[in-house]
Amino acid sequence: MALENTVFPSRPDSLSLPVEEKGEGEEEVEVATEATTSTGVFNLSEELGHVVTTDTAPSPPPLVKVRRSFQNKLAERQFQATQAQHRKKIVPEKERGRFGWREARKRQRYVEKNGRCNVQHGNMRETYRYLTDIFTTLVDLNWRCSLFVFVMAYAVTWLFFGAIWYLIAYCRGDLDHLEDETWTPCVNNVNGFISAFLFSIETETTIGYGHRVITDQCPVGTMLLLLQAILGSMVNAFMVGCMFVKISQPNKRAETLVFSKHAVISLRDDKLCLMFRVGDLRSSHIVGANMRAKLIKSKQTQEGEFIPLDQTDISVGFETGDDRLFLVSPLVISHEIDAHSAFWDMSQSQLEKEDFEIVVILEGMVEATGMTCQARSSYLAEEVLWGHRFSPMMSLAEGFFDIDYGAFHHTFEVDTPSCSARELSLAAARLDAHLYWSISSRLDEEPTLTNQAAKQPDSCSANSKVGEPTFIVGEMTDIQEQSGLGELNGSVATDQSESEA
């Protein structure tokens, strides 16, 4: 580094910086040199090998002109941008958990929240199977393709039969005798392809304007007329049926069947239960509503076979009939976590580490149309709230029950043990066993205490005469007091019966 303010009359050449000429594409950058905090200025020269100290007062740091080319600056900026992107990739994304921050996990849904199955079929070679069920194939098409097929079906048949009518007129020579009044054509007033096309439309749609009519001098035209009428009726029945079925599909009815955004786990009747809420927004009901639930989770068998997206049934009351719903108002569907449940060994801490998906399916018949409707939704592991309960949303109004759908997705926290259902069941069993054995031990101690009291000598019994009853004063235990054993404190036992006395 160079020092501008120095006391030496001349400075060595080793302390001076080489000066380069300013070239094209270069710019000057002023760099402030660092100054020490002491009163002197230190300058270290590698060539001189010693330190030169001046006792001058501290002065502001001088500016040194450093030249950098535009290519160097561009390369430096690209390097800084690359380093920033690399740091973003290294730092893992984190999310807030109940036990602190943890790394975010990207989960792929098997069934979306709106019920759409996130599955795409690929590498299908037997595509001819779609043509064997052409009606279902047309119904399953989207609306854009369905309208295109609908328009093209009529347009192609009209053009096809219009071309045949024009070909008949051309072959019979009707087009060459347009001005000849003595000539009887196959179809009157057909003088070109446009007129033949219009006649085809009138025939198939049975409009019959009366200007273009077929004559009795053309048996080929009569047969073609019958064929077009039959095929036209078939095309009408097929296409109108497809459009009617597509319009009346109950898929849109499922849009008014709503599921709660989260599922909850809390105690119900001293048992852990998995619960979610379902409701119907329409006043027309779903007849014969039935609820099912599936657990989607990959597993590995004992033989080492990996089963991706294995499906396990989740009981929502099939044994008791609770899965058959009367869906007039929103209902909370409950799954009791017992020994047969897939969540038997799952605790609150393990829930945040699990990777699974719960698919819920509501099936029923639409009351207005009589067609079967199915609504689906799903819950990931992060959408299951431990220790929560759904807020009530029904209130009694004047003459009716009021449902507040604003609280449909709302939950609130409740006191819930964080252990698994297995641990909770074992703790309850230990408590029951402890109470059972404690009561049994106290009942066994009761006759022992009575015998010991009978063997103790009594001063009063020593002075008693023969034939007089002997009184033994006993002591009632706590068990006797609780269970009603012993009628009086200090019960009387006699050696002789009252008859012998």
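Which residues are buried in helix 4? Keep that question in mind while you get your bearings. What you have open is a predicted model.

**The whole chain**

Start with everything shown. The protein chain has 10 helices and 20 strands. Of its 501 residues, 28% are buried. The chain exposes about 35200 Å², and carbon and sulfur atoms supply 55% of that area. Now think about contacts between residues with a separation of 6 or more: 64% of them join residues 24 or more positions apart.

**Helix 4**

Select residues 143–172, which make up helix 4. This helix has 30 residues and reaches 44 Å from its first C-alpha to its last, close to the 44 Å expected at 1.5 Å a residue. Here is the reply to the opening question: Ser146, Ala153, Tyr154, Thr157, Phe161, Gly162, Trp165, Ile168 and Ala169 are buried in helix 4. Many places in that list can be read with a general rule in mind: an α-helix has 3.6 residues a turn, so residues three or four places apart point the same way.

To see what covers these buried residues, add helix 3 (134–140), helix 5 (193–204) and helix 6 (219–247), which are among the covering elements. Then step just past the end of helix 4 to Gly173, which has a positive phi, near 85 degrees.

**Leu231 in helix 6**

Next, pick Leu231, which is found in helix 6. Is this residue buried or exposed? Leu231 falls in between: it is partly exposed, because its relative accessible area is 33%, and the partly exposed class lies between 20% and 50%. Select Glu204 as well: Leu231 and Glu204 are 27 residues apart in sequence, and their C-alpha atoms are 8.5 Å apart in space.

**A nonpolar patch**

Now turn to the surface and select Leu131, Ile134, Phe135 and Phe238. These residues form a nonpolar patch with about 340 Å² of accessible area together. Leu131 belongs to helix 2 (residues 129–132), and it counts as exposed because its relative accessibility is 63%.

**Strand 8 and its partners**

For the last stop, select strand 8 (residues 263–268). Strand 8 pairs with strand 16 (residues 384–386) in the parallel sense, over three bridges. Look for Ala263, which stands opposite Val384 in strand 16.

Strand 8 also runs antiparallel to strand 9 (residues 271–280), and five bridges join the two. One pair to click on is Arg268 and its bridge partner in strand 9, Lys271. Two residues lie between the strands of this hairpin, where Asp269 takes a positive phi near 55 degrees.

Notes. Residues are numbered from 1 along each chain as its sequence is written. This is a predicted model: local features need pLDDT of at least 70, side-chain atom pairs count only at pLDDT 80 or more; totals for chains, interfaces and linings use all residues. Side-chain values use heavy atoms; hydrogens and water are left out. Helices (H or I, at least four residues) and strands (E, at least two) are DSSP runs, numbered from the N terminus. The expected span of a helix is 1.5 Å times one less than its number of residues. Buried means under 20% relative accessible area, exposed over 50%, partly exposed in between (1.4 Å probe, protein chains only). Contact means heavy atoms within 4.5 Å. Patches are made of residues with over 30% relative accessible area and no salt bridge: like charges are joined within 9 Å, nonpolar side chains (Val, Leu, Ile, Met, Phe, Trp, Tyr) within 5 Å. Accessible areas come from the Shrake-Rupley method with a 1.4 Å probe; for residues, only the protein chains shown count as cover. A salt bridge is a side-chain nitrogen of Lys or Arg within 4 Å of a carboxyl oxygen of Asp or Glu. Two strands pair if DSSP finds at least two bridges between them.
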